[in-house]
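Trainee: I have a structure to look through. Please show me how to read its surface, its core and its confidence.

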Amino acid sequence: MKKHFVVPALLLASLSAGAQVKPKPKTAAAKPKSAAVSPLKTNKDSLSYAFGISLGEYLKSQGVESLNYALLNKAIDQSIKKQKTYFDFNQANAVIGKMGQAKMQKTAMAEKAKGDKFLAENRKRAGVKVTESGMQYEILKAGTGPMPKATDTISAHYAGTLLNGTEFDNSYKRGQPLEIPVSGVIKGWTEALQMMPVGSKWKLYIPSTSAYGDYGAGNEIPGGATLVFEIELLDIVNKKTQ
């Protein structure tokens, strides 16, 4: 809001200074606009409104577009006054959880559709290979070292993005490669690492079924997302005897 008033204030100051040098013809004074009257008169009013904003923003973030506000207010009032509610807290969580599940499934279906379309076109490109699981890969650099087994721990640099190019992780930027068991990563990685000789750099296109499934990961990877990784296999560390 403050930014909206900076330019007019400077403009008025400039006009005022200019008027001292060269008088301007008088113009009719503009009528002042009436300010919006706030109904917030007490701390209780302000707190009520603040909680409403907070709750509204949360509900909006969950995809809620409309509610029965009379029942919403009634439930809040009953809870605060410790009155009997129409169902208990666990039942309330179940109702909300059902809404969240429906939202997650809708998101996952949309992401899967985008992923399927992308993978169907991507597999046509020269150099792209497809495994039985549906994962796709292309060899950016061929290594000559040994290939890890599921019981090995590897050291690798990598960068991961969504199909739209949004980067969600990058070990190069952290300046430290990842050391992790081959069996301790997503299925797509586990599959690819056991085919990669040390020294290789591959680009992987991993469908959600071999990545984070319908649930996704955190706020950055939505459910159903097809993921793109560039992986550079640096070494096999703490190799166990087979």
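Mentor: Start with a term. A patch joins residues with over 30% relative accessible area and no salt bridge; nonpolar side chains are linked within 5 Å. Keep in mind that this is a predicted model.

Trainee: Which residues make the nonpolar surface patch?

Mentor: Leu55, Tyr58, Ile76 and Ile80 make it, and the patch covers about 380 Å². Two helices, α2 (43-61) and α3 (69-80), each supply at least two of its residues.

Trainee: Why is Ile76 classed as partly exposed?

Mentor: Partly exposed lies between the buried limit of under 20% and the exposed limit of over 50%. Ile76 has a relative accessible area of 37%, so it is partly exposed. This residue sits in helix α3.

Trainee: Now the interior. Which residues have the most contacts inside the largest nonpolar core?

Mentor: The general idea comes first. In soluble globular proteins, nonpolar side chains tend to be buried together. Here the largest core has 27 residues, and Trp189, Leu193, Leu204, Phe229 and Ile231 have the most contacts inside it. Two or more residues come from each of β3 (153-162), α6 (187-193), β6 (201-206) and β7 (227-237). Strand β7 gives the largest share, 5 residues.

Trainee: What does Trp189 touch?

Mentor: Leaving out residues up to four places away in sequence, Trp189 touches Tyr158, Leu178, Leu204, Ile206, Phe229 and Ile231.

Trainee: What is the mean pLDDT of the protein?

Mentor: The mean is 86, and 83% of residues reach 70 or more. Residues 1-24 are below 50, with 0 contacts beyond near neighbours in sequence. Where pLDDT is low, the predicted coordinates should not be read in detail.

Conventions:
Residues numbered from 1 in each chain as written. Predicted model: local features only at pLDDT ≥ 70, side-chain atom pairs only at ≥ 80, totals over all residues. Heavy atoms only, no water. Patch = residues over 30% accessible without salt bridge, like charges linked within 9 Å, V, L, I, M, F, W, Y side chains within 5 Å. Areas by Shrake-Rupley, 256 points an atom, 1.4 Å probe, with all protein chains shown as cover. Salt bridge = Lys/Arg side-chain N within 4 Å of Asp/Glu carboxyl O. Helix = DSSP H or I, 4+ residues; strand = E, 2+ residues; numbered from the N terminus. Buried < 20%, exposed > 50% of the residue type's maximum accessible area, 1.4 Å probe, protein only. pLDDT = per-residue confidence, 0-100. Contact = heavy atoms within 4.5 Å. Core = buried A, V, L, I, M, F, W, Y, C linked by side-chain atoms within 4.5 Å.
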